[in-house]
Amino acid sequence: MLLSGTVIADSETVLDDGAVVTADNEIIFLGARTEALDRYPGHEHREFDILAPGMVGAHIHSVQSLGRGLADDEELLDWLFDHVLPMEASMDAEAMEVAALLGYLECIESGVTTVVDHLSVNHAETAFEAAGTVGIRGRLGKVLMDKESPEGLLEKTVAGLQESERLIEQYHGAFEDRIRYAVTPRFAVTCSEECLRGARELADEYKGVRLHTHASENRGECATVREETGRENIEWLHEVGLTGPDVLLAHCVWTTEHERDLLAETDTNVVHCPSANMKLASGVAPIEAYRERGITVGLGNDGPPCNNTLDPFTEMRQASLLAKVDTLDSTALPASAIFEMATRNGAQMAGFETVGMLHEGWKADIIGISTATSRATPIYDPLSHLVFSAHGDDVEFTMIDGHIRYDGSHTTVDADTIRN
Ligand code: GUN
Ligand code: FE
């Protein structure tokens, strides 16, 4: 397929009258529109205002899609223990499947092509199947919770790890390798030392399996971990093996200088969730301090109940505005850096090496965006348009792994990809 328009190939490369040509699941050409038309005359041709790499939601909870607007004005631990965990505990397999499908379809329609998804304790296979059905790319994991957890979610340590291993065997590399596994202890408050260490051991047994958890989101959470372990949260995670280039830590709002150094020294990945951090009054994550240390930072919408949208454009805008009010420096987190967080950085930490930029030989994960509704034409700076003016509703076309998954107002589910 030949796609033409203003092509944002990566944060530094914008082609005004450009084109991307795809074959199978790859990009085989990136360059001028005229050259593409000459070289690929027989290809189906589609025009868009802007073409960009698919966005990466580096920390989401698709299973919380049914809880949108739940307990809107509560802080993290009350919101979690009084509302979200009981909701997850009450969900049967069917509810879990509906929630995952809703979440993934919302992602695809608003331009997200890759997710790192924190599932729940039960019925995780329904989300893996849903991801296969809709064709999204993702790093998914069943959640581990073996202490301080409500009935229905609390699991025996060994049973949770065994079920994770079964899911790794079944789904790591499934659906033409679009789906990979992340061992997912929920957070240090609900996971014993044995569980956290076991998660690391399990991830190390399988090539390419990663680790995904929440860390230092809220002061009450950090205080609980400090009381129980005598360590700061990230020091504790480091001690039990949950730092490293294969680890994604969501939030990291409350960190000491020593913890920031630890994150940098171990190459641990941080996922910034600005909307959730504002909505749950958790705080402002020190993103500039992480970036100064060379820590890879991605962007995540977190769960619908702590954000109310899976739209990556909203998240990019929130990241920018929050950095501006926090630093009072309009250049502290430029549009290009935020775009990288939402694309390349997220893909890299999710372990999809050739995703997140539109380059020849890379995966055909591409979105087409209309500028008609945003009254932003003529566009002088397409990249800052994406970060500051665009919305998920402007997405007209989503291609994942060479398959069209959303076209106009139409989500396309390819029957061939179901359970292959
Ligand atoms: N920490 C542990 N579980 C959760 C969750 O579901 N959402 C958020 N935002 N933080 C968490
Ligand atoms: Fe989360």
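Helices and strands are taken here as DSSP runs, numbered from the N terminus, and in these terms V253 lies in the loop between strand 11 and helix 10. The model is a predicted one, and the description below proceeds from this loop to the ligand shell, the domains, the core and the strand pairings.

The loop that holds V253 also contains C252, with strand 11 spanning 247-251 and helix 10 spanning 257-265. A residue is counted as buried if 20 or more other C-beta atoms lie within 10 Å of its own; V253, which has 23 C-beta neighbours inside 10 Å, therefore counts as buried. C252 is likewise buried, because 28 other C-beta atoms are found within 10 Å. Both residues approach parts of the chain that are remote in sequence: the C-alpha atoms of V253 and A285 are separated by 3.9 Å although the two residues are 32 residues apart along the chain, and those of C252 and A215, which are 37 residues apart, are separated by 5.4 Å. When neighbours within four places in sequence are left aside, the contacts of C252 are A215, S216, V270 and A285. On the same basis V253 touches S216, E217, N277, S282, G283, V284 and A285, so that S216 and A285 appear in the contacts of C252 and also in those of V253.

One of the contacts of V253, E217, belongs to the shell of ligand 1, which is made up of H61, L76, L80, V84, R186, F187, H214, E217, A276, D302, G303 and C306. By class, this shell comprises six nonpolar, three polar and three charged residues. The element that gives the most to the shell is helix 2 (residues 76-90), from which three residues are drawn.

At the level of the whole chain, the protein is divided into domain 1 (2-53 + 356-413) and domain 2 (55-350), whose centres, taken over C-alpha atoms, are separated by 28 Å. The contact between the domains takes 24 residues from domain 1 and 30 residues from domain 2. On the side of domain 1 that touches domain 2, at least two residues each are supplied by helix 15 (382-388), strand 15 (395-400) and strand 16 (403-407), and helix 15 gives the most, with five residues. This side of domain 1 consists of 12 nonpolar, eight polar and four charged residues.

The largest nonpolar core has 129 residues, among which V20, Y104 and A127 touch the most other members. Because domain 1 and domain 2 both give residues to this core, it lies between them. In soluble globular proteins, nonpolar side chains tend to be buried together. For Y104, the contacts beyond four places in sequence are S62, A130, A131, V134 and I136.

Strand pairing was examined around strand 4 (residues 45-53), which pairs with strand 1 (residues 2-10) in the parallel sense over five bridges. In this pairing L3 stands opposite R46 in strand 4. Strand 4 is also joined by four bridges to strand 14 (residues 366-369), and here the two strands run antiparallel; I50 stands opposite I369 in strand 14. Strand 4 thus takes part in a parallel pairing with strand 1 and in an antiparallel pairing with strand 14.

Conventions:
Residues are numbered from 1 along each chain as its sequence is written. Chains are lettered from A and ligands numbered from 1 in the order in which they are written. This is a predicted model: local features need pLDDT of at least 70, side-chain atom pairs count only at pLDDT 80 or more; totals for chains, interfaces and linings use all residues. A residue is near a molecule or strand if its C-beta atom, placed from the backbone, lies within 6 Å of it. Ala, Val, Leu, Ile, Met, Phe, Trp, Tyr, Cys and Pro count as nonpolar, Asp, Glu, Lys and Arg as charged, and the others, Gly among them, as polar. A nonpolar core is a set of buried Ala, Val, Leu, Ile, Met, Phe, Trp, Tyr and Cys residues joined through C-beta atoms within 7 Å. A residue is buried if 20 or more other C-beta atoms lie within 10 Å of its own, exposed if 12 or fewer, and partly exposed in between; C-beta atoms are placed from the backbone. Domain bounds come from an automatic or database domain assignment. Two residues are in contact if their C-beta atoms, placed from the backbone, lie within 7 Å. Two strands pair if DSSP finds at least two bridges between them.
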